[in-house]
Protein chains: 4
Amino acid sequence: MPDVQELKPAGAGREASQTDRAIMGLRDAVLRGRFKAGERIAEVEVAEHLGVSRTPIRAAMQRLAEEGLLEPVQPTGYMVRAFSQTDIADAIEVRGTIEALAARLAAERGVSRLLLQQMRDCVAKMDAVFDDALSDEEQLRQYAQYNERFHALIMEASGSDMVQRALGRVVSLPFASPNAFVSAQAILPGSLAILRVAQMQHHDIVDAIEARSSARVEALVKEHSRIAHKNLELALRNADALDQVVGAPLIKRA
Amino acid sequence: MPDVQELKPAGAGREASQTDRAIMGLRDAVLRGRFKAGERIAEVEVAEHLGVSRTPIRAAMQRLAEEGLLEPVQPTGYMVRAFSQTDIADAIEVRGTIEALAARLAAERGVSRLLLQQMRDCVAKMDAVFDDALSDEEQLRQYAQYNERFHALIMEASGSDMVQRALGRVVSLPFASPNAFVSAQAILPGSLAILRVAQMQHHDIVDAIEARSSARVEALVKEHSRIAHKNLELALRNADALDQVVGAPLIKRA
Amino acid sequence: MPDVQELKPAGAGREASQTDRAIMGLRDAVLRGRFKAGERIAEVEVAEHLGVSRTPIRAAMQRLAEEGLLEPVQPTGYMVRAFSQTDIADAIEVRGTIEALAARLAAERGVSRLLLQQMRDCVAKMDAVFDDALSDEEQLRQYAQYNERFHALIMEASGSDMVQRALGRVVSLPFASPNAFVSAQAILPGSLAILRVAQMQHHDIVDAIEARSSARVEALVKEHSRIAHKNLELALRNADALDQVVGAPLIKRA
Amino acid sequence: MPDVQELKPAGAGREASQTDRAIMGLRDAVLRGRFKAGERIAEVEVAEHLGVSRTPIRAAMQRLAEEGLLEPVQPTGYMVRAFSQTDIADAIEVRGTIEALAARLAAERGVSRLLLQQMRDCVAKMDAVFDDALSDEEQLRQYAQYNERFHALIMEASGSDMVQRALGRVVSLPFASPNAFVSAQAILPGSLAILRVAQMQHHDIVDAIEARSSARVEALVKEHSRIAHKNLELALRNADALDQVVGAPLIKRA
């Protein structure tokens with residue numbers, strides 16, 4: 001499995017505290033499947049493994065419970081949560097719905113020429129990666145970077161702090177993120193076709209924002225987010241690809 | 001200002017800890033306008049006022065920052081955030097968008113006869129309050145209770161844990177909640193007309209869920225949430241009414 | 001039943017031809033219930049009744065068949081069509097969908113200050129009628145006129161000849177028009193509440209067009225058109241009111 | 001230019017009358033660009049060319065004016081209409097909007113297993129054509145046939161006579177039809193990619209109808225119709241391809 005992306009903790013910008021290290025370390029361990037879903041996590045063991053004391057571990061567990069990766073067990077403590085395919089589909093809908101709201105506001109309020117140009121440049125760079133055939137991992141990594149930037153630009157285009165905050169609270173589930181399945185695509189037959197559709201949607205999204213077509217862009221972004229769902233279905237039929245998906249061990253198999 | 005609703009803390013179900021008390025006490029103080037927006041909050045003072053030690057106060061501040069009521073100041077500490085009218089409009093859109101997603105899923109997946117009947121009963125009770133003229137505060141309080149229940153039933157009808165979690169993370173701003181302005185309506189001329197529109201929407205929402213009209217119900221719930229926006233505009237023109245709105249001191253005046 | 005509105009025939013602007021007179025006369029007779037649904041219409045009889053020859057009668061029948069009021073019978077000729085409540089609901093959806101498209105394009109493309117002001121003036125005049133209590137028929141007639149003008153302004157605001165043409169082809173069914181039930185409302189208990197909701201929607205529609213909120217205005221106009229459906233349901237429970245609805249004899253009773 | 005599809009006239013099922021022949025002949029001539037846009041059409045000339053008398057020619061002109069291909073000129077007569085790119089985009093939106101309404105109703109009301117299976121079979125046949133590389137004209141012709149059938153199945157799935165009638169009145173403009181550009185695609189570089197996106201949408205549309213996701217299917221069908229717009233833009237940059245588009249002579253060039 002690739003490196004878990006190090007999500008910025010709450011106190012970002014200051015020196016990473018013990019708590020921040022505990023959060024990142026525990027999240028990484030959870031997403032890699034170090035704990036069995038449904039089993040109580042032993043604080044002592046985690047503290048030893050990560051080399052931090054038990055107070056930050058407890059804070060980290062509470063935080064991951066808020067993110068939805070852990071859930072409390074009676075009488076005390078936490079266990080890893082498992083996610084059904086419906087859970088994942090719903091998480092994708094939630095993220096897509098908020099991103100679609102951002103794009104809708106961008107179309108309604110209008111965006112600066114500069115921001116629009118940044119979006120076009122970003123899409124052009126993804127086009128260029130495609131022209132180079134998109135066959136190796138390095139190209140996929142590049143594509144994933146531009147893709148992440150494109151989605152960040154949509155949020156910026158909303159001009160809304162409240163909408164950006166709302167998204168910040170739902171992307172914690174790795175399967176729901178725009179890049180969740182990009183790294184799996186190098187080895188997934190059929191996934192290139194899906195990627196091409198996604199890329200056409202990127203073009204359409206910028207066009208619709210520029211044309212102030214808020215109804216269209218809202219629908220486009222929602223549908224675009226469902227690409228993650230198509231990829232999940234492909235990945236679930238291919239063990240090697242699934243192994244590339246961050247957090248795969250948390251997926252409940254039917 | 002009426003009592004701030006005591007939102008259940010993370011550790012609900014267990015004995016309310018010092019931290020829980022600190023969170024509730026601090027949130028109440030913030031919403032009542034005890035601190036000036038933009039001024040650093042003095043930990044010592046809060047600790048003394050609430051009668052808890054500084055460690056739970058620090059945890060409470062971090063929590064309220066996650067909820068969006070506080071923001072970090074450099075080099076350390078937190079200050080109260082103020083909200084522009086655009087912020088509030090956006091917060092209402094975010095909540096409405098997620099609630100609309102819940103209603104859409106309910107219509108698509110279908111809901112049980114029992115749940116549908118509970119929704120109809122709840123709307124019927126609101127109708128009955130209307131027939132009694134809805135003139136005094138006691139009736140508004142009743143209406144607000146049924147209203148809160150109705151919105152909870154929509155979330156339940158989604159059958160989606162992920163969507164319910166997502167809503168749980170955005171309702172922290174009091175102006176964005178379905179009942180934000182109900183208590184202000186007793187003294188707001190023009191607000192009764194708005195309430196009647198809201199009540200017709202309640203009927204339509206149940207009809208649309210029953211008819212599996214997911215597109216319609218999604219639009220209805222979004223538009224329904226904008227009722228809060230209409231009420232905010234009325235309240236901002238009426239100081240007495242505004243005083244009834246939880247969190248009013250945090251609203252930036254143009 | 002009130003006078004059937006004299007829809008302008010294709011050759012409008014020139015002297016009304018025999019064919020035009022035949023079309024208007026036959027349409028009026030059909031909507032008043034002069035022919036039984038399902039029975040072949042006798043050309044000779046109609047020709048005599050309207051005082052025109054049989055060739056224009058035949059052209060008129062073909063035209064009304066295109067409008068959907070008549071349907072061909074084997075081996076030759078036409079009969080009056082009856083409409084189920086689902087047919088009417090669907091006709092309302094069709095009209096609402098096209099009107100919503102017009103409003104969406106208006107929001108996306110932007111409308112002139114002048115046109116926006118005309119919309120606001122029109123809504124203000126409807127507000128004024130409401131302030132005068134809207135109790136007698138004369139006021140309802142005024143309201144209906146402003147209402148018709150408001151809906152015409154939405155179409156004009158689209159700036160789209162193609163969308164206006166499309167609407168021109170679907171309003172032929174009288175139950176699907178914005179004013180279908182306005183004249184019935186003087187005697188319908190409960191209809192005033194519906195009218196007030198409709199009027200709030202008028203305000204919201206103008207606001208949404210001005211704010212370039214194309215997604216919102218599309219949903220608003222669709223929902224607004226369903227007011228006709230609510231009124232139909234009320235009217236179907238009240239014989240006197242139903243008698244005021246143009247074309248009521250064509251409605252199939254369950 | 002390929003043969004103009006012989007749209008069934010109003011009196012279909014009976015022997016094609018002189019009027020029917022006049023309508024089809026005149027429509028064909030108009031779409032092939034036999035008359036200059038903006039110039040009055042000489043009745044005598046057309047009558048001679050088609051070998052029918054002047055009365056049916058006059059009826060045919062009136063009919064084509066209703067379809068939107070001709071418009072009246074003062075003091076009498078008709079001329080061919082030219083269509084701007086905005087007109088065409090709007091015509092595509094109108095058709096897409098009504099088709100989307102049909103799909104939405106299908107999802108809300110549910111469709112029979114049989115009909116769903118027919119839709120799946122139809123999409124599978126289009127998949128099969130793709131597997132055979134879709135390189136020659138014969139394959140495109142097959143694809144176009146299945147495509148037309150698929151769109152007819154969506155209309156049937158609505159179960160709504162009123163919606164089907166509404167569509168019947170707007171497809172007269174050849175550029176707005178689902179197959180408008182399929183025959184041009186054999187020679188359009190870039191069009192295969194567009195066709196693949198369209199085919200993925202076909203799959204998604206059936207999935208969404210089956211899942212009762214009316215909001216999603218409405219958005220999908222609208223976006224699907226905009227494929228015609230993408231193709232138009234490609235065709236306008238390629239004279240050979242444009243020559244394959246029925247009605248191309250009526251398109252106003254910027």
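Of the residues of chain B, Ala215(B) sits closest to the rotation axis, its C-alpha 2.0 Å away. That axis belongs to a turn of 180 degrees which, with a shift of 0.0 Å along the axis, lays chain B on chain D at an RMSD of 0.0 Å; copies are superposed by least squares on the C-alpha atoms of residues with pLDDT of at least 70 in both. Both copies use the same surface, as 100% of the contact residues of chain B recur in chain D, contact being heavy atoms within 4.5 Å.

This is a predicted model, where local features need pLDDT of at least 70 and side-chain atom pairs count only at pLDDT 80 or more, while totals for chains, interfaces and linings use all residues. Residues are numbered from 1 along each chain as written, chains are lettered from A and ligands numbered from 1 in the order written, and side-chain values use heavy atoms, without hydrogens and water.

Chain A goes onto chain B in a similar exercise: a rotation of 180 degrees, 0.0 Å of shift along its axis, RMSD 0.0 Å. That is the relation of a two-fold axis. Here, too, the same surface serves both copies, with 97% of the contact residues of chain A recurring in chain B.

Within chain A, helix H9 (residues 214-225) packs with helix H10 (residues 227-236) at about 15 degrees, their axes 4 Å apart. Helices are DSSP runs of H or I with at least four residues, numbered from the N terminus, and axes are lines fitted to C-alpha atoms over the stretch in contact, with angles running from 0 to 180 degrees between N-to-C directions. H9(A) and H10(A) are therefore roughly parallel (angles under 35 degrees). Glu223(A), His224(A) and Ser225(A) of H9(A) meet Ile227(A), Ala228(A) and His229(A) of H10(A).

Definitions and conventions: Helix = DSSP H or I, 4+ residues; strand = E, 2+ residues; numbered from the N terminus. Parallel < 35°, antiparallel > 145°, perpendicular 65-115°, else oblique.
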